[in-house]
Amino acid sequence: VLCIIIFFLRIRRPPRSTLFPYTTLFRSMKIDTDGSEDKVLQGAIRTLANEKLRTLIIEMPSNTKKEALCRHSLLAAGFKSIWNDSGKKTRNEIWSK
């Protein structure tokens, strides 16, 4: 039974290159999930650590605890903040490695 399940998973799973064929072209990411950015960043640890990812644009959550978690995740992945909206019209920030 286990062999059948593994075989089924192998034939049903598309190759990685067909999931997103442009991964080698882009070196930046935009995250705007209306308050769940901390969870997205926690789930994207390997992606954030990838040396090909150079820039991240994020709309920081308004909750200060979630914002602190986002900042911690980005700093731990080697990013540094290079721009934020000092006029505070938006909560968008640009981070880079």
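Here are some friendly notes on the salt bridges and paired strands of this predicted model.

1. Let's start with the charged side chains. How many salt bridges does a search of the whole structure find? The search finds 3, and the next points take them in turn.

2. Look first at helix α5, which covers residues 64–76. Here the side chains of Arg 71 and Glu 67 form a salt bridge, with N and O 2.8 Å apart. Why is the separation about one helical turn? Because Arg 71 and Glu 67 are 4 residues apart in this helix, about one helical turn lies between them.

3. Are these two residues buried or exposed? Glu 67 has a relative accessible area of 15%, so this residue is buried, the cut-off being under 20%. Arg 71, with 26%, is partly exposed.

4. Glu 67 has another partner to find in the structure. Arg 91 also forms a salt bridge with Glu 67, and the closest N and O atoms are 2.8 Å apart. This pair links distant parts of the chain: Arg 91 sits in the loop between β3 (80–84) and β4 (92–96), while Glu 67 belongs to helix α5, and the two are 24 residues apart. Arg 91 has a relative accessibility of 32% and counts as partly exposed.

5. Now go back to Arg 71 and follow its side chain towards a strand. Which residue does Arg 71 meet there in a salt bridge of 2.5 Å, N to O? The partner is Glu 93. Because Arg 71 lies in helix α5 and Glu 93 in strand β4, their salt bridge ties together parts that are 22 residues apart in sequence. Glu 93 is buried, at 4% relative accessibility.

6. Put these pairs together and a picture appears. Through salt bridges that share partners, Glu 67, Arg 71, Arg 91 and Glu 93 are joined into one network. When you trace this network on the model, try starting at Glu 67, which meets both Arg 71 and Arg 91, and then step from Arg 71 to Glu 93.

7. Strand β4, the home of Glu 93, is worth another look for its pairing. With strand β2 (residues 55–59), β4 pairs in the antiparallel sense over 5 bridges. One example to look for is Leu 56, whose bridge partner in β4 is Trp 95.

8. Strand β4 also pairs with β3, again in the antiparallel sense, over 4 bridges. Here you can look for Lys 80, which stands opposite Ser 96 in β4. As you follow the strands, remember that in a regular strand the side chains alternate between the two faces of the sheet.

Terms used. Residues are numbered from 1 along each chain as its sequence is written. This is a predicted model: local features need pLDDT of at least 70, side-chain atom pairs count only at pLDDT 80 or more; totals for chains, interfaces and linings use all residues. Side-chain values use heavy atoms; hydrogens and water are left out. A salt bridge is a side-chain nitrogen of Lys or Arg within 4 Å of a carboxyl oxygen of Asp or Glu. Buried means under 20% relative accessible area, exposed over 50%, partly exposed in between (1.4 Å probe, protein chains only). Two strands pair if DSSP finds at least two bridges between them.
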